[in-house]
Amino acid sequence: KRRDEYGGSYSNRTKLAREVVKRCRAAVDPSFVLIFRLSMLDLVEGGSSWEEVVELARELEAQGVDVINTGIGWHEARIPTIATSVPRAGFSWVTRKLKESAPELTTPLCATNRINMPHTCEQVLARGDADLVSMARPFLADPEIVNKAAQDKAEEVNTCIGCNQACLDHTFKLMTASCLVNPVAACTLADRGHSVTLFDSSHEIGGQFNLAKLVPGKEEFHETLRYFSERLKRTPEVELKLGTRVDGDLLEGQKFDKVVLATGVTPRTLDPAVTL
């Protein structure tokens, strides 16, 4: 633990945050929006007390912060904070608690974590949990989410399912962040001017997503299937043929220019002789 001017008392331990804000505020134009993400719920042993969180929020406002964003949990926390199993807007109550604990604050407070659809944003604001909401992963799933919300087309939003597989997992491996649910070959090819025939041996699209959506805590997987079902309805360039098992004779008979094989993964089989 530090024993200099940045260690010891809570005032000392928050000195760095206050100095960073003060210097940033002095370095930018007054109209520049300065947002501070305040960890309001550490979820680790030895984290900040609620009284300390409120104290720092007041200090941040005094230093000229324009928005206080809500931070929930450390990466070391054992409690899920952003996974699919976390209910939508499951931590907006924390932001509301700060509003109620420090009613004198005039700085807008922003709710975060598992807010992934326009109607969820509206619910958070309507309840008075926060003044603003912020999203990150939903923009990887659908960069047009705000435009679609403004056009009252929420049913066309490709919903972030909170899987973290292609965004955070990639980031931690120093890979480019992307998204598991975006894009899909058939619709992308149609958008680029191709006429596409999409075959599926099942009576419904989605493959193993239809199995995954049945797992408790993975109900969000329904949203991906909803999105692509709606997307296919709006994409006449894609001819969907369900219940059709493809073989070489069928492909040769249709004389397609190109064939994309998207048959999914091969499940791993367990060796019963191996004990874990």
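This is a short tutorial dialogue on reading a predicted model.

User: Let's start with the whole chain. How many helices and strands are there in the chain?

Analyst: The chain has 12 helices and 6 strands. Its radius of gyration is 24 Å, well over the 19 Å that the globule rule gives for 276 residues, so the chain is more spread out than a compact globule. The C-alpha trace spans about 75 × 55 × 35 Å along its principal axes.

User: What share of the residues counts as buried?

Analyst: Of the 276 residues, 34% count as buried. As for contacts, take those with a separation of 6 or more: residues 24 or more positions apart account for 66% of them.

User: Now the sheet. How do I read strand pairing in general?

Analyst: Strands of a sheet pair through backbone hydrogen bonds, either parallel or antiparallel. In this model, 4 strands form an open sheet in the order 1-2-3-4, and the pairing is parallel. Strand 1 and strand 4 (132-133) are the edge strands, since each pairs on one side only.

User: Where does strand 2 get its bridges from on the strand 1 side?

Analyst: Strand 1 (residues 35-41) pairs with strand 2 in the parallel sense over 6 bridges. You can find two of the partnerships by eye: Arg 37 is bridged to Asn 69, and Ser 39 to Gly 71. Between these two strands the chain goes through helix 3 (residues 50-62), making a right-handed β-α-β crossover.

User: And which residue is the bridge partner of Ile 68 in strand 3?

Analyst: That's Leu 109. Strand 2 and strand 3 (residues 109-111) pair over 2 bridges, in the parallel sense. The chain gets from strand 2 to strand 3 by way of helix 4 (residues 92-101), and this β-α-β crossover is right-handed too.

User: Is strand 2 mostly covered or mostly open?

Analyst: Mostly covered: 6 of the 6 residues of strand 2 (residues 67-72) are buried. Look at the side chains by direction. Val 67, Asn 69 and Gly 71 point one way, Ile 68, Thr 70 and Ile 72 point the other way, and all are buried.

User: On to helices. How do I spot a buried side?

Analyst: An α-helix has 3.6 residues a turn, so residues three or four places apart point the same way. Try helix 2 (residues 15-27), where Ala 17, Arg 18, Val 21 and Arg 25 are buried. These residues cover an arc of only 95° around the axis, which puts them on the same side of helix 2. The other side has the exposed residues Leu 16, Arg 23, Ala 26 and Ala 27.

User: What do the buried residues of helix 2 pack against?

Analyst: They pack against helix 1 (10-13), strand 1 and helix 3. You can check the length of helix 2 as well: at 1.5 Å a residue its 13 residues should span 18 Å, and the end C-alpha atoms are 18 Å apart, which agrees.

User: Which residues are buried in helix 5?

Analyst: In helix 5 (residues 118-126) they are Pro 118, Thr 120, Cys 121 and Val 124. They cover an arc of only 160° around the axis, which puts them on the same side of helix 5. Glu 122 and Ala 126 are exposed on the face turned away from that buried side. The cover over the buried residues includes helix 4, strand 3, strand 4 and helix 7. After helix 5 comes Gly 128, with a positive phi near 80°.

User: How about helix 11: which of its residues are buried?

Analyst: Phe 221, Glu 223, Thr 224, Leu 225, Tyr 227, Phe 228, Arg 231 and Leu 232. They pack against helix 7 (145-150), helix 9 (185-191), strand 5 (196-200), helix 10 (209-212) and strand 6 (238-242). Helix 11 (residues 221-233) has 13 residues that should span 18 Å at 1.5 Å a residue; its end C-alpha atoms are 19 Å apart, which agrees.

User: Last one. Is Pro 272 buried or exposed?

Analyst: Pro 272 has 79% relative accessibility, so it counts as exposed. Pro 272 sits in the segment after helix 12 (248-254). Its C-alpha atom is separated by 56 Å from that of Gly 8, which is 264 residues apart from Pro 272 along the chain.

Key: Residues are numbered from 1 along each chain as its sequence is written. This is a predicted model: local features need pLDDT of at least 70, side-chain atom pairs count only at pLDDT 80 or more; totals for chains, interfaces and linings use all residues. Side-chain values use heavy atoms; hydrogens and water are left out. The expected span of a helix is 1.5 Å times one less than its number of residues. Buried means under 20% relative accessible area, exposed over 50%, partly exposed in between (1.4 Å probe, protein chains only). Contact means heavy atoms within 4.5 Å. Two strands pair if DSSP finds at least two bridges between them. A crossover is right-handed if, with the strands pointing away from the viewer, the path from the first strand over the helix to the second runs clockwise. The arc is that of the directions from the helix axis to the C-beta atoms. The radius of gyration is taken over C-alpha atoms; the globule rule is 2.2 Å times the number of residues to the power 0.38.
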